[in-house]
Structure formats: structure tokens, C-alpha cells
Amino acid sequence: MAKAASLVSMICIVAFVTVGRAYELFRVEGDVYCDPCRVQFQTPLSTKLSGAAIRVECRNTETKALTFSVNGTTNEQGHYVVEVVGDHEDDTCEVMAVSSPDSACNMPMDDVTVSRIECTTNSGIHTDARFANPLGFMTLDAAPQCLSVLKEILVDQIEN
């Protein structure tokens, strides 16, 4: 009986340590898109950017010192997944779009430049996945089709 109790105790301790360490690695994912309308939000004309470079940075909220940084690249669907190591409860972590491989769509947006993410186990989020808001780049000039698309979006919003 003592051996069984000892075994159960050991299993509980191992499970507790495993769960405690499971969230010290966070999976951050999101999308990078091209905005051909220069409105700085996604429209039906927006396309995902394959090969766009992103960076996740965590900085101490008081000192602003960089505590973690990792680079990533979007796949063929314009989606990225990077791993953030460690619990960053005392940090502000942000994802930023660094560069676009599309020379026709490489102007950084000035309204939405970063997406904040929580990389701590003390946030109420019970998974290691963190989803960033979409980030993007703009074309130099708005595409001619944008006016009709934006009118359609406006009409949909008024009707709803």
C-alpha cells in the first residue's frame, strides 16, 4: 500500500512539473497581408504575403530593456508561427512586420505597426497558443478597384 501511495505521489509530482513547464514555450502565430487600397485594414482585395519577415520582441515594462527577440517568416499562405521561450509576465511582447518580399507592396503601415501578445502563464489563457492581429504592408498607390470595394463595405455596414 505504501508503494502504491508513493507511486501515485510521484506521478502527481511529475505531472505537476510537466504542466508547469508546458507553458514556458508559447506559440505565437498570425498573418501578414498586402493592402492594395491603402486603408490599413483587410479588404476583399487584400492578399496574404508569402516570405514576409516578422519579429517578436519582449521588453521589460519598467526599464524597456529587450528581454527576448525572435525572427520569423510567413509561409506560402502568409501565415507565421514562432516560439517565444520563457514566461514574460513583467514584459510587453509585440509582433511587428519587418519586411515584405513584394516590391510592389512594401510600404510599412503607419496606423497598425505592432500587435501586442501576452506571453505569460498568469494571463488567464489556458493554452500555449497566442494569436496576433494581422499586420501588413501597403502598395505605393491605391488600386483602381478599391473605390468600388470600399463603397460596398460601407453599404454593408450601413445596412447592418
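A search of the whole structure, which is a predicted model, finds six salt bridges. One of them brings together the side chains of Lys48 and Asp31, with a nitrogen-to-oxygen distance of 3.6 Å. Because Lys48 lies in strand β2 and Asp31 in strand β1, this pair ties together parts of the chain that are 17 residues apart in sequence. Lys48 itself is partly exposed, with a relative accessible area of 39%.

Another salt bridge links the side chains of Glu29 and Arg27, where nitrogen and oxygen are 3.0 Å apart. The two partners differ in how they are covered: Glu29 counts as buried at 13% relative accessibility, whereas Arg27 is partly exposed, with a relative accessible area of 32%. A further salt bridge joins the side chains of Glu57 and Arg55, at 3.9 Å from N to O. Here Glu57 counts as buried, at 15% relative accessibility, while Arg55 counts as partly exposed, at 25%. Salt bridges that share partners also join Arg27, Glu29 and Asp128 into one network, so the contact between Glu29 and Arg27 described above is a salt bridge between two members of that network.

From these charged pairs the account can turn to the nonpolar interior. The largest nonpolar core holds 21 residues, and among these Val28, Val56, Val84, Val95 and Ile117 touch the most other members. Strands β1, β3, β5 (79-85), β6 (91-99) and β10 (135-138) each supply at least two residues of this core, and the largest share, four residues, comes from β1.

Val56 also offers a way to place Phe68, which lies in strand β4. Phe68 and Val56 are 12 residues apart in sequence, and their C-alpha atoms are 7.9 Å apart in space. Phe68 is buried, because its relative accessible area of 16% falls under the limit of 20% that the term requires.

The loop between β3 (53-60) and β4 (66-73) contains Glu62, and Lys64 is found in the loop between these strands as well. Glu62 is exposed, with a relative accessible area of 72%, and on the surface Glu62 gathers with Glu24, Asp87, Glu89 and Asp90 in a patch of negative charge. Lys64 is likewise exposed, with a relative accessible area of 53%, and its backbone deserves attention, since most residues other than glycine have a negative phi. Lys64, although it is not a glycine, has a positive phi of about 65°.

A positive phi is also found at Arg38, where the angle is near 60° in a residue other than glycine. Arg38 lies in the loop between β1 (25-35) and β2 (47-48). Its relative accessible area of 32% makes Arg38 partly exposed.

Taken together, these features can be followed along particular elements of the model. Strand β1 supplies four residues to the largest nonpolar core and also carries Asp31, the partner of Lys48 in strand β2. The loop between β1 and β2 holds Arg38, with its positive phi, and the loop between β3 and β4 holds Lys64, whose phi is positive too, along with Glu62 from the patch of negative charge.

Technical notes: Residues are numbered from 1 along each chain as its sequence is written. This is a predicted model: local features need pLDDT of at least 70, side-chain atom pairs count only at pLDDT 80 or more; totals for chains, interfaces and linings use all residues. Side-chain values use heavy atoms; hydrogens and water are left out. Patches are made of residues with over 30% relative accessible area and no salt bridge: like charges are joined within 9 Å, nonpolar side chains (Val, Leu, Ile, Met, Phe, Trp, Tyr) within 5 Å. Accessible areas come from the Shrake-Rupley method with a 1.4 Å probe; for residues, only the protein chains shown count as cover. A salt bridge is a side-chain nitrogen of Lys or Arg within 4 Å of a carboxyl oxygen of Asp or Glu. Lys and Arg count as positive and Asp and Glu as negative; His and the chain ends are not counted. The place of a charge is taken as NZ of Lys, CZ of Arg, CG of Asp or CD of Glu. Buried means under 20% relative accessible area, exposed over 50%, partly exposed in between (1.4 Å probe, protein chains only). A nonpolar core is a set of buried Ala, Val, Leu, Ile, Met, Phe, Trp, Tyr and Cys residues joined through side-chain atoms within 4.5 Å.
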